[in-house]
Amino acid sequence: MSMEKLITKQHVIDFLMEAQRIIAENKDYLTQLDSAIGDADHGINIDRGFSKIIAQLDGLKEKSIGEILKSCAMILISTVGGASGPLYGTAFLSAANETAGKEVLSVEDLLNVLKSALNGIKARGKATLGEKTMVDAIEPALQAFEKELLDGNRNLTRILEIVVKAAENGAKNTIPLRATKGRASYLGNRSIGHQDPGATSSYLLFKAMYNVAVREG
Ligand code: ADP
Ligand code: MG
């Protein structure tokens, strides 16, 4: 019998609550990052989206994982605004499609769900690695995830610990980059020397996943 942990609907619900908590806690920090290279609204935008998800969560609890993620996508698209709303919305929609019909997720399933989310963001925003966007946190995080699975690591908490580190480093590594996508690209070389807000919120979302895994195994 496999002792591997499976990810349930309850984990997904707890992730959404933890994501809202971490985003709210970092709302001012994210907005401050966006004030350096954007229009000082990223924390406000994404806090509005996750707060709305939490406000509607009771009505979502009877739905499947795929339906919950799809509802989150719709809420994010309609409430977050800016560039990040449609991008995170697309990420959740792609994740929803990947989980359709599944009641539980294995660690491989989770990697595939996250890969779909990243592919959704890249298809929508046309950003590739190194353009100083959320892709710079998510892509290295998923590369680290994949490497752990290939190395035989099946421990979700341990995998996510490494994934979070990679996402955090990815966000930090946006500091020397020049933005070539989104609002920050208007600054050209003046975007250099600042951490990307979207990469930072993406790192925080991985942190939320990790916190749930630590708490619930
Ligand atoms: P806006 O820039 O419209 O005010 P936000 O402030 O909410 O939107 O989000 C800004 C973040 O969105 C950036 O820090 C960046 O990470 C992300 N972003 C912007 N454009 C793109 C893109 N084309 N692809 C991926 N991410 C992007
Ligand atoms: Mg902004």
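Here are four exercises with worked solutions on the ligand, the pocket and the cavity of this predicted model.

**Exercise 1. Find the side chains that make polar contacts with ligand 1, and say how much of the ligand is buried.**

Step 1. Start with N45, where an N or O atom of the side chain is 2.9 Å from an oxygen atom of ligand 1.
Step 2. Move on to S84: an N or O atom in this side chain is 2.6 Å from a ligand oxygen.
Step 3. Then take D196, which places a polar side-chain atom 2.6 Å from an oxygen atom of ligand 1. With a cut-off of 3.5 Å for such pairs, these distances count as polar contacts.
Step 4. Now turn to the surface of the ligand. Alone, ligand 1 would expose 560 Å², and the protein buries 92% of that.

**Exercise 2. Describe the shell of residues around ligand 1.**

Step 1. The shell holds 20 residues, and A83, S84, G125, D196 and G198 come nearest.
Step 2. Sort the shell by class: six residues are nonpolar, eight are polar and six are charged.
Step 3. Look for the helices behind them. At least two shell residues come from each of α3 (42-60), α5 (84-99) and α9 (197-216).
Step 4. Which element gives the most to the shell? That is α9, with three residues.

**Exercise 3. Work out where ligand 1 sits, and describe that place.**

Step 1. Ligand 1 is found in the largest pocket.
Step 2. The volume of this pocket is about 520 Å³.
Step 3. Its lining is made of 26 residues, with A83, S84, L87, G182 and R183 nearest the centre. Two or more lining residues come from each of α2 (27-37), α3, α5, α6 and α9.
Step 4. By class, the pocket lining has nine nonpolar, nine polar and eight charged residues.

**Exercise 4. Look for enclosed space in the model and describe its walls.**

Step 1. A general idea helps here: rolling a probe the size of a water molecule over the atoms reveals where space is left empty.
Step 2. How many cavities of 30 Å³ or more are there? The count comes to one.
Step 3. The largest cavity holds about 500 Å³ of space.
Step 4. Around the largest cavity are 28 lining residues, and F15, L110, V113, L114 and M209 lie nearest its centre. Elements giving two or more residues to this lining include α1 (9-25), α4 (65-79) and α6 (107-125).
Step 5. Finish with the classes: the cavity lining has 25 nonpolar residues, three polar ones and no charged ones.

Conventions
Residues are numbered from 1 along each chain as its sequence is written. Chains are lettered from A and ligands numbered from 1 in the order in which they are written. This is a predicted model: local features need pLDDT of at least 70, side-chain atom pairs count only at pLDDT 80 or more; totals for chains, interfaces and linings use all residues. Side-chain values use heavy atoms; hydrogens and water are left out. A residue is near a molecule or strand if one of its heavy atoms lies within 4 Å of it. A polar contact is a pair of N or O atoms within 3.5 Å; within protein, one must be able to donate a hydrogen and the other to accept it, and residues adjacent in sequence count only if both atoms are side-chain atoms. Accessible areas come from the Shrake-Rupley method with a 1.4 Å probe; for residues, only the protein chains shown count as cover. On a 1 Å grid over the protein atoms alone, a cavity is a set of points where a 1.4 Å probe fits but cannot get out, and a pocket is an open set with protein on both sides within 12 Å along at least five of seven lines; lining residues have an atom within 4 Å of a point. A molecule sits in a cavity or pocket if more than half of its atoms lie within 2 Å of its grid points. Helices (H or I, at least four residues) and strands (E, at least two) are DSSP runs, numbered from the N terminus. Ala, Val, Leu, Ile, Met, Phe, Trp, Tyr, Cys and Pro count as nonpolar, Asp, Glu, Lys and Arg as charged, and the others, Gly among them, as polar. Grid points are joined across faces, edges and corners, and a volume is the space filled by probe spheres set on the points.
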